[in-house]
Amino acid sequence: MSNMKYLILRRMTQITLLFLYFSANAYGWHILSGTLSSSSIFGTIPLSDPFAALQMLASGMLLSFDVLLGAMIIALFYGIIGGRAFCAWVCPVNMITDAANWLRRKLYIDKIEKKVWMSRNIRYYMIVLALIVSFVSGLAAFEIISPITILNRGVIFGFGAGGGLLLAIFLFDLFVLKNGWCGHICPLGGVHSIVGKYSLVRVTHNSENCTLCMHCKEVCPETQVLNMIGKSSEDISMKECTNCGRCVDVCEDDALRFHIRNYLK
Amino acid sequence: MSNIKKPQISERRKFLTNMTHNVGLGLMGGLVWAGYADKAKSSPLTLRPPAALDEEDFLRACIKCGLCAEACVNRSSNIDKETGKPRPSTLKMAKAKDDVTIGTPFFKPQDVPCYMCDDIPCVPVCPTGALNLASVTNAKGDLDFKMMEMGIAVVEPNACIAFWGIQCDACYRVCPLMNEAITLEYGRNERTGKHAFLKPAINMDVCTGCGLCEQACVTEKPAIFIQPREVALGYPGDHYVKGWDKKDQERVVNRDAKDVTTTTKRSEQDVSDYLNEGVDFE
């Protein structure tokens with residue numbers, strides 16, 4: 001079980017957050033109410049999705065103080081501390097795409113796959129496109145299709161037909177493209193990549209311990225960030241790393257671990 | 001290795017082709033997305049929570065957090081005294097296929113109407129101002145549920161049995177603003193010669209569109225129902241003014257005759273007062 005420590009911690013965080021959101025509606029708790037678009041802690045501290053706030057601005061609506069403050073709190077937290085941790089530790093869609101990825105390995109789909117290639121930069125183009133479409137349509141464009149909030153609201157208020165989109169993403173990741181949604185398309189992942197680029201919490205590699213078993217690259221959802229494995233001892237500093245810690249889990253040689261990036265060095 | 005070489009293209013050509021490729025893909029995606037965004041807008045018959053901005057601004061401002069719906073279901077007055085659990089919420093968060101922009105709050109009075117709480121719990125929790133607190137705050141600074149404008153009740157006289165002469169005042173009695181928002185108009189029933197009509201009439205200045213009447217209506221499909229005010233109400237324009245009503249005259253006080261356009265050209269002659277010709281008034 002030791003090789004699942006961070007995986008279990010992540011699932012616990014994701015499920016706890018979903019449960020707190022659910023309880024705010026079902027039992028009237030005030031610990032964490034709202035949804036991932038905008039929430040409030042103990043009914044006082046606002047939290048808002050910076051990307052949703054940007055889309056609101058693009059659609060032609062001034063931001064209220066609460067949304068501005070909430071988006072700043074989120075951006076500062078991930079910017080200074082967490083990096084892109086939202087994607088691996090908070091986002092509920094991560095559980096769906098991880099499940100697809102797991103099944104993909106079990107079914108050997110990678111071995112028979114007809115190669116589909118997509119740029120991992122699509123997410124950044126999606127950000128720009130979302131802002132343009134928001135401006136043109138007068139409606140936060142990603143928020144009307146976002147599987148993240150559809151799943152989040154589904155757990156809180158009930159699913160309806162929105163479950164179809166989630167199944168579609170599962171199937172896309174399973175049969176079309178490995179890590180297709182989270183690793184290529186999702187613009188919120190792109191926003192969190194940019195926001196968390198200089199964060200302090202990072203995975204670091206010690207190449208002296210590395211035996212080149214490549215287990216880390218098998219499980220990593222953003223394989224390109226592990227380009228230094230076995231070559232040089234350095235932080236995994238590419239902004240797309242989600243700090244999921246799977247590589248730390250599976251490494252049997254203590255060549256990968258979490259640490260605080262030292263900017264003073 | 002094979003000796004068939006790929007045709008060489010210049011860096012400049014490569015850059016231009018890449019650029020065209022990306023712009024083209026972006027345009028394609030943008031068109032599909034914008035097309036969907038247009039379809040994703042709510043049906044014009046959607047009823048929004050109290051104090052909601054106009055639909056266009058509401059869609060821009062609503063961040064889809066659901067705090068209003070959570071406040072609605074967990075309000076203290078909504079706890080069922082027998083079971084101790086909350087009853088179904090008035091405000092629902094739209095799901096796919098609800099015909100309402102996904103994730104935005106709305107209500108269907110026939111399922112659960114708005115009970116017009118004194119403390120209007122759904123409005124102050126809104127983080128974005130999509131539910132505008134000022135629009136339900138009176139001059140004294142207190143929340144006033146009478147200022148809500150969620151919609152307006154409309155009576156369909158063909159189906160309303162009160163218009164047939166059958167006594168029914170379900171809507172009148174259930175109305176939270178009884179005898180203000182719905183009044184009963186008395187009339188003589190000529191058919192029987194000895195009975196009265198008690199017909200419901202809506203006062204559009206008072207009705208908030210809470211929908212208790214729609215839920216209470218006894219006909220199979222309600223003969224009184226809530227419509228958004230923009231849908232159900234007409235507007236007479238500046239041409240017609242109630243000469244006997246000071247307040248209505250204020251409505252057109254800033255009207256400039258030059259701004260008024262007419263379909264046919266206006267007569268440049270003065271009005272000829274032939275009816276009063278030869279009449280001595282004083």
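This report walks through the domains, a helix pair, the chain contact and two single residues of a predicted model.

## Chain A: two domains

Let's start with chain A. Its domain assignment gives domain 1, covering 2–195, and domain 2, covering 201–260. Measure between their C-alpha centres and you get 24 Å.

The two domains of chain A do touch: 20 residues of domain 1 are in contact with 16 residues of domain 2. On the domain 1 side, helices H1 (5–26), H3 (65–82), H4 (85–90), H10 (180–185) and H11 (187–195) of chain A each put in at least two residues. H1(A) has the largest share of that side, with four residues. As for chemistry, this side of domain 1 of chain A splits into nine nonpolar, seven polar and four charged residues.

## A helix pair in chain A

Next up are H5 (residues 93–106) and H9 (residues 163–176) of chain A, which pack with their axes 8 Å apart and at an angle of about 35 degrees. The crossing of H5(A) past H9(A) is right-handed.

Who makes the contact? From H5(A) come Val93(A), Ile96(A), Thr97(A), Ala99(A), Ala100(A), Asn101(A), Leu103(A) and Arg104(A). H9(A) answers with Leu166(A), Ile169(A), Phe170(A), Asp173(A) and Leu174(A). Sorted by class, the contact of H5(A) with H9(A) has nine nonpolar residues, two polar ones and two charged ones.

## Ser237 of chain A

For a look at a single residue, take Ser237(A), which sits in the loop between helix H12 (215–219) and helix H13 (246–250) of chain A. Ser237(A) has 16 C-beta neighbours inside 10 Å, so it counts as partly exposed; the cut-offs are 20 or more for buried and 12 or fewer for exposed.

Ser237(A) also pairs up in space with a residue from elsewhere in the sequence: Lys197(A) is 40 residues away along the chain, and the two C-alpha atoms are separated by 7.7 Å.

## Where chain B meets chain A

Now for the contact between the chains. Chain B brings 33 residues to it, and chain A brings 40. On the chain B side, helix H1 (11–39), helix H2 (55–61) and helix H3 (67–73) of chain B each supply at least two residues. H1(B) gives the most, with seven residues.

The residues on the side of chain B that touches chain A come out as 15 nonpolar, nine polar and nine charged.

## Chain B: two domains

Chain B is also divided up, into domain 1 (41–148) and domain 2 (151–232). The C-alpha centres of these two domains of chain B lie 24 Å apart. Their contact takes 11 residues from domain 1 of chain B and 15 residues from domain 2 of chain B.

On the domain 1 side of that contact in chain B, eight residues are nonpolar, two are polar and one is charged.

## Pro7 of chain B

Finally, there's Pro7(B), found in the segment before H1 of chain B. Is Pro7(B) buried or exposed? Pro7(B) counts as exposed, because it has 4 C-beta neighbours inside 10 Å, and 12 or fewer is the cut-off for that class.

Pro7(B) can also be set against Gly278(B): the two are 271 residues apart in sequence, and their C-alpha atoms are 101 Å apart in space.

Definitions and conventions
Residues numbered from 1 in each chain as written. Chains lettered and ligands numbered in written order. Predicted model: local features only at pLDDT ≥ 70, side-chain atom pairs only at ≥ 80, totals over all residues. Domains from an automatic or database assignment. Contact = placed C-beta atoms within 7 Å. Nonpolar A, V, L, I, M, F, W, Y, C, P; charged D, E, K, R; others polar. Axes fitted to C-alpha atoms, helices over the stretch in contact; angles between N-to-C directions. Left-handed = near helix turned anticlockwise from the far one by under 90°.
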